[in-house]
Amino acid sequence: MWWVDSWRRAVAGATALLVLCSLVTAALLGGAGGTPRAGAAAAPTTTVPGSAPGAADQGPVITNDIQLELDGDGVLTAQETLAFDGEAPETFSRALTTVMLYDEVHDRRFEIDRVRAVDPDGGTVPVETEQEGSSFLVHMDTAGRDEVQLDYTVTGAVTEVTGGVQLEWRAVSAYSHTVESTDVTVRAPLPPEALSCLAGEPRSAMYCTASDMGMDASVAHFLQTDMAPTDRLDIVATYPEGTAEAAPDLERRWSLASAFAIDPTTATLFGLLLLVPVAGLVALVRIRGRDERALRKESAAGADDPVQDRPGALPRFHAPDDVHPGQIGTLIDERVDIADLTATVLDLAVRGHLRIEELPQHRFTFVDWRLVREDGDTEEPLLPSEELLMEALFGEGGTVTLSELASARRAPRFPERIDRVRDQLYRDMVRLGWFARSPDQERGLWTTVGMAVTAGGVLVTGVLAAFTGFAFTGLAVVIVGAAVTAGAQYMPAKTRLGSSVYAHTMGFRDYLFSERATRVPADRRVTFFSRYLPYAVIFDDVERWAALLAQAVSTDLARDELDGDGLHWYTGPEGWRPEDDLADSVSTFLVTLTGAITSTRRLRTLNSFTADS
């Protein structure tokens, strides 16, 4: 039935698409190089406040003498002497780097501490600091001063290399004003072995103005002249092993590739998390396997002739386990389909609770049918679902046409009454002990669980992607949720009794498909074939049985019998001959009734969407 669980199927399809896209994205990104986040670039392009990129200052000549002391613990102590030849600016700012690229997947962090500034007399100079992206900005009050000394410490600048340790530090990240010369001297417990430096625009590979090891080769000395506000100065000095403790602070750089990295750890966790749906699938197969075991053992019980012999009376039709067509249809596929409802209407007609009248077809008009309420067979009382179906069809009246049922204006309550029929059929499954829980509720419960797990998996994946490199394992939770959502359609499980009845039903189906079902005494063929017809709707064999019934009518009934009880449940217009027209009429009636139910449901859904908007 098109409307049953349609939203659930849509959710399951959307979830499957989400999982597929996630897996493809992870696969593509797993082999791609990482892209650093904003603020983690090797050379920040932002300048400190007060700078004028690309333009020369018209103020004083500024020089900076930077003395760096590296101790055995790897801590770098800095003392900068800023000199102003001319009127100093009100505020001079410089940037210290706190984050730099280390390798393809890691960033290197530096800790700046103990920042203070003094004048030549030892007086305190006001200092303000702020973190901006990967830069630590220091703003000093330099108005009216000729010289300012800036002190601070740096941790994390030493790295272990082959045969020794290496100091890597961005001595200058940016200035607020052009600085004529920046002179950097590095002292360490042991003399340096090699030097290197880069200077200029953030991404330039130009060597600094000069670098040397001093007169006695005991220090590392670097010089850069005419540094514009956006220029930087990177220094590298290699020292012998044991000069200082090498303890760089590395942090995995965020990127889609790193967040969804596939390595032995994430692959193992991913596989372990997927064991959950696999175990659930095994359990589901075992539960549903009950139907297959029952089929092998008990299907023969339903393959006997459905005949009930009564003393002194004609044999009567008796379906296995007294199962009516609508119940059979619900039991087989665990959902109420339109075929279950149309088969029930046909069964009510055959049992005498209503009569189907095919109306005359006039030129340029479609075929229509009138349903007439009848008293019915008192020996076969209506089931609760059948009573609700009669109410849905007739309401308080005694007749109704299919065209009226298909009109939302003429039968406005028909769709909601059909919904009550569906709900009652689901309740019948529990009342009869065939299911422990309503199949519809079972699907709804597992769909909700699957959607919740999927949403949780997406949330977990997002959190893992933002803060760790284990986002790939979060996809396993998404897949679990998607599997549960998709598998919710198969979660309803029959009880032992339900499996037994199901097996008998399959035996009855095999009987109807066999030639034995046609071997009925001539005086009972029309009656029995009529009773078979609603079940044939469920088993998708209606055309064959409608043709067999029409043939039985033509061979077993006299003309005068057709006006009596011979075909009491279906009548045609003038000129209609059951032996010739019955098969086509029944098939067309079922198709039209299906369309009437479907069209009202679609119109109701459309109206609800219109009302909501």
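The paragraphs below examine a disulfide, a buried histidine, a sheet with its packed helix, and a pair of crossing helices in a predicted model.

The structure contains one disulfide. Its partners are Cys197 and Cys208, whose sulfur atoms lie 1.8 Å apart. The torsion about the S-S bond is -70°, and the link of Cys197 and Cys208 is left-handed. Cys197 belongs to strand E14 (residues 194-200), whereas Cys208 sits in the loop between strand E15 (206-207) and strand E16 (210-212), so the pair ties together parts that are eleven residues apart in sequence. Both cysteines, Cys197 and Cys208, are buried.

Attention now turns to a histidine. His221 is part of strand E17, which spans residues 220-227. Its relative accessibility is 18%, and because buried means under 20%, His221 counts as buried. The side chain of His221 makes a polar contact of 2.3 Å with the side chain of Asp183. Beyond its neighbours within four places in sequence, His221 is also in contact with other residues, including Val184, Thr185 and Leu195. Ala210, Ser211 and Asp212 are likewise among the residues that His221 contacts.

The next element is a sheet. Strands of a sheet pair through backbone hydrogen bonds, in either a parallel or an antiparallel manner. Here, four strands form an open sheet in the order E24-E23-E22-E25, and the pairing is mixed. Strand E24 (399-401) and strand E25 (570-571) are the edge strands, each pairing on one side only. Strand E23 (residues 369-373) and E24 run antiparallel and are joined by three bridges. Arg370 has Thr401 in E24 as its bridge partner. Helix H6 (residues 384-394) packs on this sheet, where it touches strand E22 (354-358), E23 and E24. The direction of H6 makes an angle of about 125° with that of E23.

A helix pair completes the account. Two packed helices are described by the angle between their axes and the distance between the axes. For helix H4 (residues 325-333) and helix H8 (residues 414-431), the axes come within 10 Å and cross at roughly 75°. Angles of 65 to 115 degrees count as roughly perpendicular, and H4 and H8 are therefore roughly perpendicular to each other. On the H4 side, the contact is made by Gly326, Gln327, Thr330 and Leu331. H8 contributes Leu425, Tyr426, Asp428, Met429 and Arg431 to the contact.

Methods:
Residues are numbered from 1 along each chain as its sequence is written. This is a predicted model: local features need pLDDT of at least 70, side-chain atom pairs count only at pLDDT 80 or more; totals for chains, interfaces and linings use all residues. Side-chain values use heavy atoms; hydrogens and water are left out. Helices (H or I, at least four residues) and strands (E, at least two) are DSSP runs, numbered from the N terminus. Buried means under 20% relative accessible area, exposed over 50%, partly exposed in between (1.4 Å probe, protein chains only). A polar contact is a pair of N or O atoms within 3.5 Å; within protein, one must be able to donate a hydrogen and the other to accept it, and residues adjacent in sequence count only if both atoms are side-chain atoms. Contact means heavy atoms within 4.5 Å. Two strands pair if DSSP finds at least two bridges between them. Axes are lines fitted to C-alpha atoms, for helices over the stretch in contact, and angles run from 0 to 180 degrees between N-to-C directions. A disulfide is a pair of cysteine sulfur atoms within 2.5 Å. Angles under 35 degrees count as roughly parallel, over 145 as roughly antiparallel, 65 to 115 as roughly perpendicular and the rest as oblique.
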